[in-house]
Amino acid sequence: MTKARNIAIYGKGGIGKSTTSSNLSAALSDLGLTLMQTGCDPKSDSTNNLRGEKSILSALML
């Protein structure tokens, strides 16, 4: 079993955190790694690119 790792991306608004997060998740997934991406963005910007056309409920919608 491999050790879990955490990566945090933070900064001021509008600098590309969501794009960087989704691209990093996609790249790590392509390498065969299992991952979970979470975000605090109410518009789900960080996961929109990963989901394609599939719609999911956010915590704000529940």
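Which residues in α1 are buried? Ser21, Ser22 and Ser25 are, and the tour below leads to them by way of the whole chain.

**Before selecting anything**

This is a predicted model, in which local features need pLDDT of at least 70, side-chain atom pairs count only at pLDDT 80 or more, and totals for chains, interfaces and linings use all residues. Residues are numbered from 1 along each chain as its sequence is written, and side-chain values use heavy atoms, with hydrogens and water left out.

**The whole chain**

Show the chain as a cartoon. It has 2 helices and 0 strands; helices (H or I, at least four residues) and strands (E, at least two) are DSSP runs, numbered from the N terminus. Along the principal axes, the C-alpha atoms occupy a box of roughly 35 × 30 × 20 Å. Of the 62 residues, 13% count as buried. Buried means under 20% relative accessible area, exposed over 50%, and partly exposed in between, with a 1.4 Å probe and protein chains only. Among contacts (heavy atoms within 4.5 Å) with a separation of 6 or more, 27% join residues 24 or more positions apart.

**Helix α1**

Select residues 17-30. At 1.5 Å a residue, these 14 residues should span 20 Å, and the end C-alpha atoms are 20 Å apart, which agrees. The expected span is 1.5 Å times one less than the number of residues.

Now colour Ser21, Ser22 and Ser25, the buried residues of α1. They cover an arc of only 90° around the axis, which puts them on the same side of α1; the arc is that of the directions from the helix axis to the C-beta atoms. An α-helix has 3.6 residues a turn, so residues three or four places apart point the same way. Add α2 (45-51) to the view: the buried residues of α1 pack against it. Then step past the end of α1 to Gly32, where phi is positive, near 95°.

**Ser18 and Asp45**

Go back to α1 and pick Ser18. At 23% relative accessibility, Ser18 counts as partly exposed. Beyond its neighbours within four places in sequence, Ser18 touches Asp41, Asp45 and Ser46. A distance drawn between the C-alpha atoms of Ser18 and Ser44 should read 8.7 Å, although the two are 26 residues apart along the chain.

Next, select Asp45 in helix α2. Asp45 is partly exposed, with a relative accessible area of 31%. Its C-alpha atom is 9.3 Å from that of Lys17, 28 residues away along the chain.

**The largest pocket**

Select Ile7, Ser25, Met36, Gln37 and Thr38, which lie nearest the centre of the largest pocket among its 25 lining residues. The pocket has a volume of about 840 Å³. On a 1 Å grid over the protein atoms alone, a pocket is an open set of points where a 1.4 Å probe fits, with protein on both sides within 12 Å along at least five of seven lines; lining residues have an atom within 4 Å of a point. Helix α1 gives the largest share of the lining, 6 residues. By class, the lining divides into 10 nonpolar, 10 polar and 5 charged residues.

**Ile56**

Finish in the segment after α2, at Ile56. Ile56 counts as partly exposed, at 47% relative accessibility. The C-alpha atoms of Ile56 and Gly16 are separated by 22 Å, with their positions 40 residues apart along the chain.

Terms used. Points joined across faces, edges and corners; volume = space filled by probe spheres on them. Nonpolar A, V, L, I, M, F, W, Y, C, P; charged D, E, K, R; others polar.
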